Structures are given as structure tokens and as C-alpha cells.
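Hi everyone, thanks for coming. I'll take you through one structure today, going from the whole chain down to a single strand.

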Amino acid sequence: MRLTSFMRIWLTRSFQPFHFTSSYSNRLAFEDLEKLGLYVHIPFCRSLCSFCPYCKVAYDGETARKYKDALIREIELVGETIEKPKEVTSLYFGGGTPALMADDLALIIRRLKKYFRIRGGIGVELHPDDIDERTLDKLKEAGVTMVSVGVQSFDPDCLSAIGRNDRDFAEAFRLIRTAGFDVVDVDLIFALPGQTEQSLLADIEKAFSSGATQVSTYPFIDFTFADNRYKPLPEGVKKKMLGAIAAYCEKTGRERTSVWTFAEKNTGKYSSVTRDNFLGFGVSAATLLKEQFKINTFSIEGYIDRVENNSLPTSLTLNFSLRQRAVYDLFWSAYSMRISPDKFKASFGVLLSKLFGLELWLCRVLGLLKREEGEFHLTNKGAYLYHYIEQAYTTVYIDRMWNVSRNIPFPEKIVLK
Ligand code: SF4
């Protein structure tokens with residue numbers, strides 16, 4: 001039996017797989033949810049990177065214009081179902097390359113603000129090619145307070161292995177520092193072909209010394225539908241590299257804020273996934289509610305068509321059992337390195353120890369978790385195990401789901417075992 005199936009059966013105490021179906025509703029139950037985040041997907045890129053698994057297409061002005069209109073319509077379809085504006089924690093734009101629609105972001109944000117009060121920051125992912133004074137000014141004017149720069153590596157050889165060109169990163173970061181964002185995240189990939197521990201740590205130091213408040217380090221994963229010329233370095237090397245990153249950041253006074261992110265102390269977080277609940281807009285965007293997980297179609301044409309007909313572009317919906325939802329919550333809490341029993345009780349109305357007492361005890365005995373100030377914290381050993389399991393889920397669940405969704409705009413069902 002696969003590790004992912006074993007864990008699913010064990011943690012949910014059920015043989016019931018994750019069953020996604022095409023049935024959907026135009027009403028989403030988000031009005032009463034606390035800590036709701038927003039996510040908007042912009043699927044356009046100047047050129048398509050071979051390693052990238054995300055939902056994206058090459059930029060074309062006419063399609064982008066139609067997409068923007070559809071996005072506004074989807075926001076209205078969701079927003080018009082509530083009586084008064086809903087408070088939300090944050091808004092993130094991901095992609096794709098959101099800056100390719102920099103002129104439209106202000107309009108999209110204004111429309112979202114008609115229905116939502118955004119209490120936290122507004123974040124945008126940036127490709128290094130997007131960074132110029134004009135674009136950064138537009139983002140600032142639109143209210144963007146956080147940026148995440150997809151550098152991947154500063155090393156010219158590593159960049160070349162993933163089909164990226166070297167560039168003037170110093171000038172790009174000078175512009176970002178001048179613009180003055182509250183949070184600057186730099187995305188790096190580890191276990192790239194030809195990468196060494198030394199060059200990886202040099203990348204991390206360069207990111208922080210260039211002005212990053214947070215560095216996100218993702219393992220190179222070879223998705224089945226990606227077009228990688230080279231394969232990731234073996235898992236044994238990934239393990240050593242992740243250990244070296246954690247040790248280096250600890251030594252240099254940076255905080256581990258999740259299994260794969262490290263930050264300067266007392267800085268804000270850039271994190272679009274570790275939200276208790278979220279609403280996603282745009283192609284491929286996911287929505288997480290109290291009892292439901294749904295994902296939008298990956299087809300731009302299918303997306304535009306659905307919303308033009310006043311229906312949400314949902315392609316697949318999973319209705320959670322209580323235990324499935326609790327496992328999902330626990331999984332992402334563990335990713336952020338801490339599990340709060342109080343927060344769990346407030347979310348599910350049941351004690352964490354009642355649902356997962358055995359697992360918590362086992363994790364503490366094995367040195368994966370420690371209890372501090374009423375919370376459970378992942379140890380570095382626990383963080384490595386999480387990294388290993390997360391990659392397994394990415395390969396078995398996300399790869400499968402995205403692969404089907406890339407080929408079929410509205411699949412009838414997907415069963416993840
Ligand atoms: S890595 Fe970024 S720029 Fe490259 S294809 Fe993916 S989303 Fe587009």
C-alpha cells in the first residue's frame with residue numbers, strides 16, 4: 001500500500017477516498033467563516049517554464065482582456081450572495097504572472113473591496129522580468145503591500161538547467177527596496193541539477209542580503225506533465241540540503257516559519273496556502289470552506305463560458321467528512337510548524353487530543369513534535385518527515401488532479417485514494 005493511502009486511511013479512520021465530483025452550487029457557505037483569505041489566479045506568462053506545474057498559458061492581450069471581464073463577473077457572482085461586506089484576512093494574486101495584468105489589478109482589487117474588507121496585506125507574485133519602476137509603482141498604487149519574487153536560483157548554471165536566463169538581480173532588488181513593500185519573499189528551488197549545498201546557501205544569503213524578509217525554499221519536483229530536461233537530485237540530497245538550510249538560517253538568526261520558509265525575525269508572512277479558509281477566483285483557483293473544497297476549471301475558455309452564463313466555474317467539489325476536514329487542517333497547521341489545540345477546538349468543537357491523541361503521542365515519542373506553551377511544535381526531524389510526506393502527496397494527489405484538470409475542463413469525477 002502507498003504511504004499516502006495508508007496515512008489517509010489511518011488519519012481519517014475510514015477507507016473512504018477523497019471523492020471529487022462535478023456537482024456544484026452557485027452559493028458558497030463563507031459568510032459565517034472566521035479567518036477567510038482571498039486568492040486570485042492570473043494564468044498568463046511571457047514564456048512558459050518547463051519545470052512549472054501551475055495553470056498558465058502564453059500571454060495574449062485579447063484573451064487577457066476577456067479573462068479580466070470574466071474574473072470581475074466571478075467576483076460579483078460570489079460577492080452578490082452576501083448581505084454585507086465580509087471581513088477577510090488577506091488577498092494574494094498568484095499565477096502565472098499577475099504583473100502582466102498590472103493595469104487591471106487595481107480594478108480587480110476595487111471590485112473585491114466592494115464585497116470584502118481586506119484586513120491584512122495584499123500580495124502579488126512577481127517574475128524577475130516584471131520588475132521595473134513602472135510596474136512596481138502600479139502595484140503600490142493598487143494597494144499591494146507584499147511581493148514574492150520567483151528567483152528560483154541566483155546561480156547561472158542552476159538557472160540554465162531549468163531553462164531560465166541569468167539577469168541583473170541587483171538592480172531588480174534595488175527597485176523593490178526603493179518601492180518599499182512590507183513583505184518581500186524570494187522563492188528558491190533546491191535539489192536543482194548541478195546545485196551544491198554551498199551554492200544553495202549562497203542563494204539564501206543573497207536573497208536575504210538583497211532585501212528579502214522571507215525566503216521560501218521548495219524542493220524540485222518533477223511533475224509527470226512537466227517538460228524537464230534534467231531530473232531533481234535524489235531524496236537523500238534533498239534531505240541534506242533541507243537540513244543545511246534550516247541549520248544555516250538558525251545560525252544566522254532567521255526563523256523557520258514553515259517547513260519550507262524562513263524569515264527575518266518580526267517580519268510579516270507571505271503565505272497564500274496556510275489559511276484556515278479561503279475563496280479562490282480565476283482558473284484553477286481552489287476554495288476551502290468549512291465542509292467543502294472546490295477547484296475551478298483549468299480551461300480559460302471553459303471558465304469564461306461558465307461565468308458569462310452566470311454560473312460559477314467550479315469543476316470539482318469535495319464534501320468533507322468532519323475527520324477529513326480535521327486532517328486537512330492538521331496537515332496545513334503542521335506545515336506552519338505549529339499545531340494549536342485551542343485553535344483546533346474552536347474550529348471543530350472537539351478536542352484535538354480526542355481525534356488525534358494517539359498520533360500526537362507517537363510523534364512526541366519519536367521526536368517529531370514537542371510541546372511548548374500549550375502548542376505542539378515540529379522539530380527539525382518532524383519538519384523533514386513532513387517535507388517527505390508533502391512531496392508524496394504532491395506526486396500522488398496534486399499531480400493527478402492537475403493532470404486530469406489540464407486535459408478535461410470539467411471532469412465528471414476524480415477519486416484520490
Ligand atoms: S514559473 Fe512562473 S513564469 Fe514560469 S511558467 Fe510558471 S508561472 Fe509562468
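I'll start with the overall picture, then go to one strand and its neighbours, and finish at the ligand.

First, keep in mind that this is a predicted model. The protein chain has 13 helices and 21 strands. Its radius of gyration is 21 Å, close to the 22 Å that the globule rule gives for 417 residues, so the chain is as compact as a globular protein of that length. Along the principal axes, the C-alpha trace spans about 55 × 50 × 40 Å. Buried residues make up 38% of the 417. And if you take the contacts with a separation of 6 or more, 74% of them are between residues 24 or more positions apart.

Okay, now find strand 20, residues 375-378. Which of its side chains are buried? Phe376 and Leu378, which point to one face. Glu375 and His377 point to the other face and are not buried. That's a nice one to remember: in a regular strand, side chains alternate between the two faces of the sheet.

Strand 20 has partners, too. Strand 19, residues 369-372, pairs with it antiparallel over 4 bridges, and there Leu369 is the bridge partner of Leu378. The two strands form a hairpin with 2 residues between them, and Glu373 in the turn has a positive phi of about 45°. Strand 18, residues 338-339, also runs antiparallel to strand 20, joined by 2 bridges. Here Ile339 sits opposite Phe376.

Last stop, the ligand. The residues around it include Cys45, Cys49, Cys52 and His127. By class, that shell has 5 nonpolar, 5 polar and 1 charged residues.

Key. Residues are numbered from 1 along each chain as its sequence is written. This is a predicted model: local features need pLDDT of at least 70, side-chain atom pairs count only at pLDDT 80 or more; totals for chains, interfaces and linings use all residues. A residue is near a molecule or strand if its C-beta atom, placed from the backbone, lies within 6 Å of it. Ala, Val, Leu, Ile, Met, Phe, Trp, Tyr, Cys and Pro count as nonpolar, Asp, Glu, Lys and Arg as charged, and the others, Gly among them, as polar. The radius of gyration is taken over C-alpha atoms; the globule rule is 2.2 Å times the number of residues to the power 0.38. A residue is buried if 20 or more other C-beta atoms lie within 10 Å of its own, exposed if 12 or fewer, and partly exposed in between; C-beta atoms are placed from the backbone. Two residues are in contact if their C-beta atoms, placed from the backbone, lie within 7 Å. Two strands pair if DSSP finds at least two bridges between them.
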